[in-house]
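Biologist: Could you take me through a few of the labels in this entry? I would like to hear the reasoning behind each one.

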Amino acid sequence: MKKSIFFFTLFIIALSVRSQEWAPVGASWHYTEEFFMPVNIDQDYIKFESVGDTLYHGKLCRKITKRHNIACTDRPGVEYMYSENEKVWFWDPNFSTFQVLYDFSAVQGGSWVILVDDYVHADVDSLIVRVDSANMVVINGVQLKRLFVTYDFRNETSIPYTYPGVLIQRVGDLYFMLNYTPEYLFACDGNMSGGLRCYQDQVVGLYETGIADSCTYVHQMTGIKPVAGNHSGITFFPNPADETITIETSLPGAIEYGIADLSGRIVKAGLVKSSKIATGNLQPGIYHLYFSRDGVRLPESQKLVIR
């Protein structure tokens, strides 16, 4: 009888492992590493990797390690996650429970809520993830569901703050796996994600978003002094922006710009004229702003927030 129970348990575990599409062992994510206040440092990359299965708080989870931790997310150095019924769950030590990170069964108009730790721990903030639309995308011959969402951050002290996101099955959020920041880290000057560079597993293969030359590209700052706190010698203000941004640069020659959303789609591009770029026609959210000179793209993108 005990032997039957043992083999039945192994069978159930095997089914659970096979049914999980999220974070198969060996899967990896590479994100561009950025800083809110750039200083004279190298531009590095953030790497997450699914390294194995483990039983964690009663759930068979994937253990996801990080090349180094992210200061501006208040997340632990190791993530424990599992998938079930097209939902991806993550362990949240702040609430000692698993929360739904992604719900790929959701349709247009659907939503789910992620609880977020507050600066005053007796209070709880919430992040409402609303599905604006859903479709299918084919990556390397693999058909995957894609959700276009709006993140709606709510707390007791400020007006709601919203920003867009794109979620793809197996890949996750194209900006960062856990795309939210607690209120007490809004002014964080540490490292953060600048967007997904690459995702790879044995089914999808290598998927590159194109925001960097390679998954492990590192921009060495040796011997280069940044101008006005920026590596490329270009600064802009205000940020967050409304109708226009002003560009300041000491670089000679014509400067071209491009603005991409978090999925990597170019939403606006052109030549910088009179040091101004009109942004009034962009939807509120977070974007990547990059520049080129004489047809050569400058090494890093910058985060632009449109109110």
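Modeller: Gladly! This is a predicted model. A good place to begin is the hairpin formed by strand 5 and strand 6, with 4 residues between them; Ser96 in the turn has a positive phi of about 50 degrees.

Biologist: What makes strand 5 and strand 6 a pair?

Modeller: Pairing needs at least two bridges, and strand 5 (residues 87–92) joins strand 6 over 6 bridges in the antiparallel sense. The two strands therefore count as paired. One of the partnerships is Asp92 with Thr97.

Biologist: Why is Ser96 called exposed?

Modeller: Exposed means over 50% relative accessible area. Ser96 has 54% relative accessibility, so Ser96 counts as exposed.

Biologist: And why is Ala23 called buried?

Modeller: The limit for buried is under 20%. Ala23 has a relative accessible area of 0%, so the label buried applies. Ala23 sits in the loop between helix 1 (2–19) and strand 1 (28–35), and its phi is positive, near 55 degrees.

Biologist: How do you know which strands are at the edge of the sheet with the order 14-15-18?

Modeller: Strand 14 (234–237) and strand 18 (276–278) each pair on one side only, and these are the edge strands. The sheet is open, with antiparallel pairing. Between strand 14 and strand 15 (residues 244–249) there are 4 bridges; Phe237 has Thr246 as its bridge partner in strand 15.

Biologist: What is the peptide bond from Phe237 to Pro238?

Modeller: That bond is cis, with omega near -5 degrees. Pro238 lies in the loop between strand 14 and strand 15.

Terms used:
Residues numbered from 1 in each chain as written. Predicted model: local features only at pLDDT ≥ 70, side-chain atom pairs only at ≥ 80, totals over all residues. Heavy atoms only, no water. Buried < 20%, exposed > 50% of the residue type's maximum accessible area, 1.4 Å probe, protein only.
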